Amino acid sequence: MLYLNADHIREIGIDWEELTNVISGATAALHQNDFSQPIKPYLRYGDPKNRIIAMPAYIGGQAPLAGIKWIASFPDNIYQKKLRAHSVTILNEHDSGIPLCVINTATISGIRTAAVSGVILKKYLSSRKEDQQFTVGIIGFGPIGRMHLKMVTAILGDRANRILLYDINGVDLTDVDPALKNKIVVADSWQDCYTVADIFITCTVSSAPYVNLPPVKSSLQLNVSLRDYKVEMVSHMDVMVVDDWDEVCRQNTDIENMHKIMGLEKSDTLSIADVVCKDALQDKGDSIVMFNPMGMAVYDIAVGGHYYQEARKRNVGMVMPD
């Protein structure tokens with residue numbers, strides 16, 4: 001059995017083109033119903049905002065694989081100089097159940113989250129003019145925010161003309177690519193990011209919604225942290241996309257509250273499979289698109305499988321005895 005940690009993942013590196021292709025391939029398996037993914041249970045005790053989630057899945061396709069991610073999220077960890085999230089992913093051979101690999105780092109979870117956003121971003125861009133320039137706004141600049149900055153700048157390239165960052169605890173640019181710093185502005189408020197952003201990304205640990213202003217026309221709203229938008233904001237969104245309605249419409253997410261209070265229904269939304277496999281955004285060129293991902297275990301297993309295969313090819317990681 002192979003053991004991979006954060007250093008091993010860094011050694012392999014992040015190729016957003018490959019990773020978004022991995023997510024698109026897994027989405028095709030979803031579309032063909034070649035997967036199994038039980039609703040993930042939330043383990044809560046003590047402070048209710050803390051949680052540990054079990055995320056088992058099987059994903060078929062050309063490289064079938066089973067496994068589980070066990071991820072803990074303790075939002076107040078950041079005030080104790082600890083990471084908010086910690087996760088372990090176990091990969092199993094699909095036809096025998098034999099454990100193949102343990103990946104002991106939340107880094108891969110962040111990579112999966114940003115890669116899923118990257119797939120939606122690429123589909124959004126394909127419905128816009130090729131020479132269009134974009135202003136990006138990211139609020140929350142912890143590990144997920146920093147990972148999204150890397151992803152969005154890699155995919156946009158020269159089409160990113162300005163990037164505004166805001167975090168309630170301040171923005172540390174120490175690890176930001178120096179080549180990007182002439183485009184980056186540290187904003188004084190979330191409103192300064194939001195009101196000018198063609199591509200707006202929430203990566204916060206907010207427990208209560210606060211976004212209450214109309215979004216930029218034709219913008220993409222990547223609602224990664226899922227608890228930032230007031231329910232009334234649903235009326236501003238032309239296209240609502242979810243990864244999985246049954247997963248995202250619970251646990252006090254913006255989608256669940258829009259459903260309960262504003263009457264948003266599953267039939268009012270597109271799935272990520274609609275966007276990837278049916279090009280459902282192609283005729284939405286002037287629309288405001290909002291993506292709401294709960295996080296799907298099939299994507300964790302697919303991305304884990306990608307790193308497992310890359311580690312084997314490059315002889316990276318530690319082989320553990322049975």
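Q: Which residues line the largest cavity of this predicted model?
A: The lining of the largest cavity is made up of Q37, P38, K40, M55, P56, E247, G295, M296 and A297. By class, five of these residues are nonpolar, two are polar and two are charged.

Q: What makes G295, in the lining of the largest cavity, count as polar?
A: The classes place Gly among the polar residues, so G295 in this lining is taken as polar.

Q: What makes a space a cavity and not a pocket?
A: A cavity is a set of points where a 1.4 Å probe fits but cannot get out, whereas a pocket is an open set. By this rule there is one cavity of 30 Å³ or more, and the largest cavity has a volume of about 30 Å³.

Q: How much space lies in the second largest pocket, and which residues are closest to its centre?
A: The second largest pocket holds about 580 Å³. Its lining has 27 residues, and G60, Q62, A63, P64 and A302 are the closest to the centre. The lining divides into 11 nonpolar, 10 polar and six charged residues.

Q: Which helix supplies the largest share of the lining of the second largest pocket?
A: Nine residues of that lining come from α9, the largest share. Both α2 (16–31) and α9 (297–314) supply at least two residues each.

Q: How many disulfides does a search of the whole structure find, and why is C203 not bonded to C193?
A: The search finds zero disulfides. A disulfide is a covalent bond between the sulfur atoms of two cysteines. The cut-off for the pair is 2.5 Å. The closest cysteine sulfur to that of C203 is in C193, 11 Å away, and therefore too far for a bond.

Q: Why are C203 and C249 called buried or exposed?
A: Buried means under 20% relative accessible area. C203 has 11% relative accessibility, so C203 counts as buried. C249 has a relative accessible area of 15%, and therefore C249 is buried too.

Q: What is the phi of K81, and where does K81 lie?
A: Phi of K81 is near 55 degrees, a positive value in a residue other than glycine. K81 lies in the loop between β5 (65–73) and β6 (85–92).

Q: Why is K81 called exposed?
A: Exposed means over 50% relative accessible area. K81 has 82%, so K81 is exposed.

Q: What is the phi of S218, and is S218 buried or exposed?
A: S218 has a positive phi of about 65 degrees, although S218 is not a glycine. S218 is in the loop between β11 (199–202) and β12 (220–222). At 14% relative accessibility, under the 20% cut-off, S218 counts as buried.

Conventions: Residues are numbered from 1 along each chain as its sequence is written. This is a predicted model: local features need pLDDT of at least 70, side-chain atom pairs count only at pLDDT 80 or more; totals for chains, interfaces and linings use all residues. Side-chain values use heavy atoms; hydrogens and water are left out. On a 1 Å grid over the protein atoms alone, a cavity is a set of points where a 1.4 Å probe fits but cannot get out, and a pocket is an open set with protein on both sides within 12 Å along at least five of seven lines; lining residues have an atom within 4 Å of a point. Grid points are joined across faces, edges and corners, and a volume is the space filled by probe spheres set on the points. Helices (H or I, at least four residues) and strands (E, at least two) are DSSP runs, numbered from the N terminus. Buried means under 20% relative accessible area, exposed over 50%, partly exposed in between (1.4 Å probe, protein chains only).
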